[in-house]
Amino acid sequence: MRRFSAVLYFTYSFSVWAFSAVMVFASEMPVPVIPNIAHRGASRAAPENTLAAYRAAAAAGANGAECDVRKSAGGVLVLAHDETAKRTAGTDKKWAEMTYDEISKLDAGIWKGEQFKGEKIPTFDDYLALLQGTPCRPVVEIKEDGIAGQVVEAIRRRKMTAETAVIAFSAEVIREVRRIEPKLCAGWLYSEKLKGTAEENAGRLHDFFVTKSKELGTPVISIRHELLSEKLVQSLRQAHIHVWTWTVNDAARMKTLLDWGVESITTDQPDVLNKILAERRNAVQFYPAAAQKLLEQGITEILFIRRFTFTANHVYTEYVNSKWMPGGGICALDLRTGNVREIVPELTRNGVVMSFDLSFDARKIVFDFKKGDKDGYRIYEVNIDGTGLRQLTFPEPDEAELVKKYRNGYHHGTDDTEPCYLPDGGIVFATTRCQFGVLCDNPDIFTVRNLYRMNGGGTEMKPLTYSPLSEASPAVLPDGRILYMRWEYIDKAAGNAKGLWSINPDGSGVAEVYGNSITFPETMIQARPVPNEPNKILMLGCSHWRNNTVGTVVMVDTTKNIRSPEAMTYITDDVAAFAHDGFHFRNEKGKWYHEKSGKPGRLFRNPYPVTSELFLVSHKPKGLEWSQPDGYDISLLDKTGKTTLLLKDPAISLWSAYPVKARTKPPVFAGQAVDAGLAEQGLARCFVSDIYTGMENVKRGDVKYIRILEQVPRKWSERKFYGEDKSGMAHSAIGNGFLSVKVQHGVVPVEEDGSAYFVVPAGKAVYFQALDKDYRAVQTERTFVHYKAGETRSCIGCHETPNVPPNTSGVPKASQRPASVPAAQQGQTAAKRVFDYDRQIQPILDKHCVSCHGGQETQKGLDLRGQPAGVYSVSYNALVKLGNQKQLLGSRRFRNEDIASNSIEYIPPYQLGALSSPLAAMLDGRRQTSLNDAKVNQYAAELSAAHPDLKLTDAEKLAVSNWLDINCQFHPSYGGRLHEKFQNEPDYRPDCGSGQ
């Protein structure tokens, strides 16, 4: 019961009149928020259907005043409920038999009391004129057929279409109103006698109302309250039907109906209902002392979101798998009075708002909204006063087909989330329109969000980023760049590489801001620049799973080492995220302990820096679970970690507090010069001034080439609806400890002075390896950059940070020549190559190894035959086993993507790949690896001694070392059937072009 009480509390909390053009049942019909409708006016207090009753209704606090409309003999519309005037005016004549001149002489008030003697029967236009421009809106019941057109025309003449609702028992009348004026709210009235209880009839009535709602083209059904049950109201709300009811005069029944989720109650006693609604409004706890601190900063109002706490099981899946608990919306709090104003209740009351942004001039709000459990989030914009609502993004044209194809526990259509205004008038947002799947999601339910941008009108949508994994929480930095969270794992543990990055609004210049090699907190998200502190960023630190985006508040100083924890200051230093899941809290003795419920301590979300020392936060106090639906308040947080409560709602959680105050607009990015010819080819340029900068213990002259690699995202079209091809966390097996397909785009030369100048593919997740003369990796860049087509990027060296000065010893040699085009490695025929163990490595084993390690001869128990075995092969499984036991394949432990959490700190040169592998040492005739590890080097020496006659060609050696350098990938793509049981299928382990 608590949940639905909270939902309705927000539905009826405040009387704000605004309308939306939400297309329900493909209509243009807006649905006004009218929680309190006075039945025929305040008919307990004054004669029904008279102007006195409507004045009394307004005085009693009614949001709407219902009238009954009939037609007189002369064609004038009058207010009357019964077919005759007998009950209210003392004559047996029908209204249709009297002219209005006759009707105007009747006394419609004396029956109610002497004080109403002489009260006239008003015309419909009199009624509209009385209510026009007031907070009490017209609710018009059409009592007879054939007058709908005249009623609508009268409303149009008064220009009251947007503020009026029409209701009728006649389905034909509702059809007629919908046909004549689609932008006028029309609701169908319904009553019947039940056989059995309301609860027993809930299922039948649900099906009936859903069918009727679609048939009539209206989402509004006004149902006699005796027919309602909690089950029916809940199910109709889930079906996006607005449940109104009538005529309710008992206070206890009113409360029950509101708790169930009824949106509008018609009553003879609007004063009683108004009191109940006021009590619910007053349940909000406002703390003026905290508000005063914001008022002193010149802030008089804040925006915030009402929303039940998300229950997602991962930090990046809140939009995917949180329990569907609609209700709430966007609100504004007046810090001077404590009054709360709902911005667009007519849209958001039955759905979920996840995030919003305020325009730089503080006049508009852009927000994401999910209207139903099976719908995707879409982006809307509204003026801050609630007017001008418009939808900016819509489902893809093939959205229904996407859902049909890819449904797997989640609707798997597209989602548009977390919009943010840009200085140039555009909007950046995180969206699944890239149609990628999360690589470590074995059940294949989760989707990937990349950053897209669009203009202020919602058109010219295009991608800014090309990440194989999710991105989130874009915000604008003072210099106009976009700050955002990026999740990645190139040869790193899957859970904890979620740092802060930036990008220009045109998609160029992507750069690390902080945390790309910081192991904990695993997630750095909801980051915002600190006012007047250009080098400071406030962010939220979270774990990866079992809970969604709640954690600890951290300040980052980017003047310090951006790959060191020293740059972080924990504002809330009693809570941390030092594990893959759950939270860490300090006990009474100051020691940390790991806990997963969240009860022992505070938790936070949505930190907003008001100043460098004062922050707005969503806050869960000690004692509540992290997922408590109504557990989060809005508090002030100071630099010492002290919280001061500002606003608490006992019915629902509060999020995303944001000052309503104009901000200085950052400069509009002028745009980088783009080489149009290069852009047409889908290429960009990269310049490295000195690759040795940042690489310790690498002798100058040892690096001869740069290898260009790509981490490939997994498209929805590569999903598989059978389970045999899975391996570890991967839905589509790629290799042991390996989740992502990698593709090579060739190598480019490095000059003697360490400089390089070359072209790279644009719009792809590209990373580099520094190679020696034999094309073996000295160092691997365990992150990626995506380039905008036609842009030119430069870097100083390898593993540089922003405070590393450039080498000014001379003009780099590479700058004096044209950019190199990636070429094939010597002994290979193509620059671009996929990695296919079956077709590239197994033939080498067949030629040189199987005679001793396979079939009848399996020396040392090592079988290197190529027969399929599960999702891989006999030889691959054997080599990996030895790799795990004796590091045969080189140092792979800290390159394991198929592990939840592992150190992702910087690894020095020579520690990974072929140079660290005893297998490669044996093939090259070397007796030791590049590792300072006696056991590994002893193993390498033993292997070399045991294989003195093993002679591979240079091309064969390169194939193996190349394979080791990219971390031992097996399959070349996510596509096709991989498990041995599918050997007879036509798409079994397809040849993707080996690129020899």
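This tour moves through a predicted model, from the whole chain to selected strands, salt bridges and one buried glutamate.

Residues are numbered from 1 along each chain as its sequence is written. In this predicted model, local features need pLDDT of at least 70 and side-chain atom pairs count only at pLDDT 80 or more, while totals for chains, interfaces and linings use all residues; side-chain values use heavy atoms, with hydrogens and water left out.

**The whole chain**

Begin with the entire chain selected and displayed as C-alpha atoms. These atoms fill a box of roughly 120 × 65 × 60 Å along the principal axes. Switching to a cartoon representation shows 22 helices and 51 strands; helices (H or I, at least four residues) and strands (E, at least two) are DSSP runs numbered from the N terminus. Of the 996 residues, 61% are buried, where buried means under 20% relative accessible area, exposed means over 50% and partly exposed lies in between (1.4 Å probe, protein chains only). The surface exposed by the chain is about 36800 Å², and carbon and sulfur atoms supply 50% of it; accessible areas come from the Shrake-Rupley method with a 1.4 Å probe, and for residues only the protein chains shown count as cover. For contacts between residues at least 6 apart in sequence, 64% join residues at least 24 apart; a contact requires heavy atoms within 4.5 Å.

**An open sheet of four strands**

Next, select residues 416–421 and 462–463. These are β18 and β22, the edge strands of a sheet, each pairing on one side only. The sheet is open, has four strands in the order β18-β19-β21-β22, and is antiparallel in its pairing; two strands pair if DSSP finds at least two bridges between them. Add residues 427–431 and 450–454 to display β19 and β21, which pair in the antiparallel sense over five bridges. Within this pair, A430 stands opposite L451 of β21.

**Strand β25 and its neighbours**

Move to residues 498–503, strand β25, where six of six residues are buried. In a regular strand the side chains alternate between the two faces of the sheet. Which residues of β25 cover each side? K498, L500 and S502 lie on one side and G499, W501 and I503 on the other, and all are buried.

Add residues 482–487 to see β24, which pairs with β25 in the antiparallel sense over six bridges. W487 stands opposite K498 in β25. Then add residues 511–514, strand β26, whose antiparallel pairing with β25 runs over three bridges. Here L500 faces its counterpart Y514 in β26.

**Salt bridges**

Side chains of opposite charge can pair when their charged atoms come close. The count comes to 64 salt bridges, each being a side-chain nitrogen of Lys or Arg within 4 Å of a carboxyl oxygen of Asp or Glu.

- Select K143 and E141: their side chains form a salt bridge at 2.9 Å, N to O. K143 is partly exposed at 21% relative accessibility, whereas E141 is buried at 6%.
- Select D690 and R700: the N to O distance of this salt bridge is 2.5 Å. Both residues lie in the loop between β39 (683–688) and β40 (705–712), so the pair ties together parts ten residues apart in sequence. D690 is buried, with a relative accessible area of 2%, and R700 is partly exposed at 46%.
- Select D987 and R977: this salt bridge spans 3.6 Å, N to O. Both partners lie in the segment after α22 (954–965), so the pair ties together parts that are ten residues apart in sequence. D987 is partly exposed at 31%, as is R977 at 23%.
- Select D772, K773, D774, R776, D924 and R926: salt bridges that share partners join these residues into one network.

**A buried glutamate**

Finish at E791, in the loop between β45 (777–780) and β46 (792–795). How far away is the nearest side chain of opposite charge? That side chain, R793, is 4.3 Å away, and the buried E791 has no salt bridge; in this assignment Lys and Arg count as positive and Asp and Glu as negative, while His and the chain ends are not counted.

Display the surroundings of E791 next. Its side chain reaches the backbone nitrogen of G509 at 3.3 Å. Not counting residues up to four places away in sequence, E791 touches G507, S508, G509, Q672, A684, R685 and H786.

Technical notes:
Polar contact = N/O pair within 3.5 Å; in protein donor to acceptor, adjacent residues only side chain to side chain.
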